[in-house]
Amino acid sequence: MPPRERDGTGQNLRASARRARQTRAVRESAVGDVLAQIREIAALPAADADGDRVCGLLLVFHEGAGQFEWQVRDGDVVVGQAVPRHDYLWR
């Protein structure tokens with residue numbers, strides 16, 4: 001049996017992917033607080049000389065307004081409407 005693939009921290013990649021697909025419910029009244037926390041994380045300075053900063057993509061679903069992307073890049077969070085190709089996540 002081949003060895004399991006691991007990420008840079010030694011975590012099993014498949015297990016990490018399963019955890020990433022799990023959904024978490026956040027009350028609408030708390031969305032601003034969650035976004036503020038993500039903005040704080042995005043604003044963290046680079047940890048070393050090569051200048052790499054936190055980056056990522058979060059797909060956020062609102063029952064009334066639909067699906068949004070929160071793009072974490074360049075020290076900020078860019079919020080926009082998500083593309084329809086991710087709709088399968090919410091069915």
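This report describes the fold, the core and selected residues of a predicted protein model.

**Overall architecture**

The protein chain contains two helices and three strands. Read from the N terminus, its elements follow the order α-α-β-β-β. Of the 91 residues in the protein chain, 15% are buried. The surface that the protein chain exposes amounts to about 7500 Å², and 53% of that area is supplied by carbon and sulfur atoms. When contacts between residues at least 6 apart in sequence are considered, 26% of them join residues at least 24 apart.

**The sheet**

The three strands form an open sheet in the order β1-β2-β3, with antiparallel pairing. The edge positions belong to β1 (56-62) and β3 (76-81); each has a single partner strand, so one side of each is left without a neighbour in the sheet. On average, and with direction ignored, neighbouring strands of this sheet are turned by 25° against each other.

The pairing of β1 with β2 is antiparallel and extends over seven bridges. These two strands are joined by a hairpin through three residues. Within this pairing, Leu58 has Trp70 in β2 as its bridge partner. The strands β2 and β3 also run antiparallel and are joined by six bridges. Here Arg73 has Asp76 in β3 as its bridge partner.

**Helix α2 and the nonpolar core**

Helix α2 lies across β1, β2 and β3, and runs at about 135° to β3. The largest nonpolar core consists of six residues, namely Leu35, Ile38, Ala42, Trp70, Val72 and Val77. Two elements, α2 (31-42) and β2 (66-73), give two or more residues each to this core. The largest share, three residues, is that of α2.

Ile38 is one of the core residues. Apart from its neighbours within four places in sequence, Ile38 is in contact with Leu58, Trp70, Val72 and Val77. Two of these contact partners, Leu58 and Trp70, are themselves linked, since Trp70 in β2 is the bridge partner of Leu58.

**The salt bridge between helix and strand**

The structure holds one salt bridge. It is formed by Asp76 and Arg39, whose closest N and O atoms are 2.9 Å apart. Because Asp76 lies in strand β3 and Arg39 in helix α2, the pair ties together parts that are 37 residues apart in sequence. In general, side chains of opposite charge can pair when their charged atoms come close. Asp76 is partly exposed, with a relative accessible area of 37%, and Arg39 is likewise partly exposed, at 32%. Asp76 also serves as the bridge partner of Arg73.

**Residues outside the helices and strands**

Which residues does His86 contact, leaving aside its neighbours within four places in sequence? They are Leu59 and Gln67. His86 itself lies in the segment after β3. Its relative accessible area is 12%, and His86 is therefore buried, as this value is under 20%.

Ala46 has its place in the loop between α2 and β1. Not counting residues up to four places away in sequence, Ala46 touches Gly51, Asp52 and Arg53. The C-alpha atoms of Ala46 and Gly75 are separated by 9.4 Å, although the two residues are 29 residues apart along the chain.

Asp74 is found in the loop between β2 and β3. Its phi is near 55°, a positive value in a residue other than glycine. Most residues other than glycine have a negative phi. Asp74 is exposed, with a relative accessible area of 67%.

**Accessibility of selected residues**

The table gathers the relative accessible areas of the residues discussed above.

| Residue | Relative accessible area | Class |
|---|---|---|
| Arg39 | 32% | partly exposed |
| Ala46 | 32% | partly exposed |
| Asp74 | 67% | exposed |
| Asp76 | 37% | partly exposed |
| His86 | 12% | buried |

Key. Residues numbered from 1 in each chain as written. Predicted model: local features only at pLDDT ≥ 70, side-chain atom pairs only at ≥ 80, totals over all residues. Heavy atoms only, no water. Helix = DSSP H or I, 4+ residues; strand = E, 2+ residues; numbered from the N terminus. Buried < 20%, exposed > 50% of the residue type's maximum accessible area, 1.4 Å probe, protein only. Contact = heavy atoms within 4.5 Å. Areas by Shrake-Rupley, 256 points an atom, 1.4 Å probe, with all protein chains shown as cover. Core = buried A, V, L, I, M, F, W, Y, C linked by side-chain atoms within 4.5 Å. Pairing = 2+ DSSP bridges. Axes fitted to C-alpha atoms, helices over the stretch in contact; angles between N-to-C directions. Salt bridge = Lys/Arg side-chain N within 4 Å of Asp/Glu carboxyl O.
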